[in-house]
Amino acid sequence: PGDGMPAVTWTNVVATVNMGCAIPLKELMDKAQGVEWRPSKFPAVVMRRSDPKATCLIFASGKCVVTGPQSVTQSRAACRRFVAAVRSLGY
C-alpha cells in the first residue's frame, strides 16, 4: 500500500489458552461428543467447531492451542466457545 510493503492478509490465527486446571483426557473423551484422541499418535484431544471454523488441541495440563480462525476477533470467539464447552463438561 504505497510504502513498498505487501498488503497483509490473515489466513490463520493461532492462539493459546490455559484452562487453569488439569484435564483428564480419557474422561473428557467419554463425556464429550465429536472429539478425537489417539494417545499413541498425539498427546492431545482434538475438538473442532464450525462457527467460527476452528480446531482446539486440549492437553492434559489444561493448556490448549486453537488454530483456524481468520481474524483475531474470530480467534477470541473460538477460544471462548472451546472454554465454554470444556466448562460445561465439569472442568
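**Exercise 1. Which residue in strand 4 is the bridge partner of Arg-49?**

Residues are numbered from 1 along each chain as its sequence is written. The model is predicted, so local features need pLDDT of at least 70, side-chain atom pairs count only at pLDDT 80 or more, and totals for chains, interfaces and linings use all residues, while side-chain values use heavy atoms, leaving out hydrogens and water.

Solution.
- Fix the terms. Helices (H or I, at least four residues) and strands (E, at least two) are DSSP runs, numbered from the N terminus. Two strands pair if DSSP finds at least two bridges between them.
- Take the pair. Strand 3 and strand 4 are antiparallel, with seven bridges.
- Read off the partner. Arg-49 is bridged to Ala-54 in strand 4.
- Look at the loop. Pro-52 lies between strand 3 and strand 4. The peptide bond from Asp-51 to Pro-52 is cis, with omega at about -5 degrees.

**Exercise 2. Lay out the fold and find the edges of the sheet.**

Solution.
- Count the elements. The protein has two helices and five strands.
- Put them in chain order. From the N terminus they read β-α-β-β-β-β-α.
- Put the strands in sheet order. The sheet is open, with order 1-5-4-3-2 and antiparallel pairing.
- Find the edges. Strand 1 and strand 2 each have a single partner strand, so one side of each lacks a neighbour in the sheet.
- Check one edge. Strand 1 and strand 5 run antiparallel, joined by four bridges. Here Asn-18 stands opposite Lys-63 of strand 5.

**Exercise 3. Sort the residues of strand 1 by face.**

Solution.
- Start from the general rule. In a regular strand, side chains alternate between the two faces of the sheet.
- Apply it. Ala-15 and Val-17 make up the covered face. Thr-16 and Asn-18 make up the uncovered one.

**Exercise 4. Describe the largest nonpolar core, then place Phe-82 and Ser-75.**

Solution.
- Define the cut-offs. Buried means under 20% relative accessible area, exposed over 50%, and partly exposed in between (1.4 Å probe, protein chains only). A nonpolar core is a set of buried Ala, Val, Leu, Ile, Met, Phe, Trp, Tyr and Cys residues joined through side-chain atoms within 4.5 Å. Contact means heavy atoms within 4.5 Å.
- Size the core. The largest one has 22 residues. Those with the most contacts inside it include Leu-28, Ile-58 and Phe-82.
- Name the contributors. Elements giving two or more residues are strand 1 (15-18), helix 1 (25-31), strand 3 (44-50), strand 4 (53-59), strand 5 (63-67) and helix 2 (72-88). Helix 2 gives the most, with six residues.
- Trace Phe-82. Leaving aside neighbours within four places in sequence, its contacts include Met-19, Met-47, Cys-56 and Val-66. Arg-48 and Arg-49 are also among them.
- Turn to Ser-75. This residue is in helix 2. Its relative accessible area is 4%, so Ser-75 is buried. Not counting residues up to four places away in sequence, Ser-75 touches Val-13, Ala-15 and Pro-69.
- Take the whole chain. Of its 91 residues, 32% count as buried.

**Exercise 5. List the salt bridges and rate the exposure of their residues.**

Solution.
- State the rule. A salt bridge is a side-chain nitrogen of Lys or Arg within 4 Å of a carboxyl oxygen of Asp or Glu. The count is three.
- Begin in helix 1. Lys-26 and Asp-30 have their closest N and O atoms 3.5 Å apart. They sit four residues apart, so about one helical turn separates them. Both are exposed.
- Stay in helix 1. Lys-31 and Glu-27 meet at 3.6 Å, N to O. They too are four residues apart, about one turn. Lys-31 is partly exposed at 42% relative accessibility. Glu-27 is partly exposed at 36%.
- Move to the sheet. Glu-36 and Arg-48 come to 2.7 Å between their closest N and O atoms. This pair links distant parts of the chain, 12 residues apart: Glu-36 in strand 2 (residues 35-36) and Arg-48 in strand 3. Glu-36 has a relative accessible area of 35%, so it is partly exposed. Arg-48 is partly exposed as well, at 44%.
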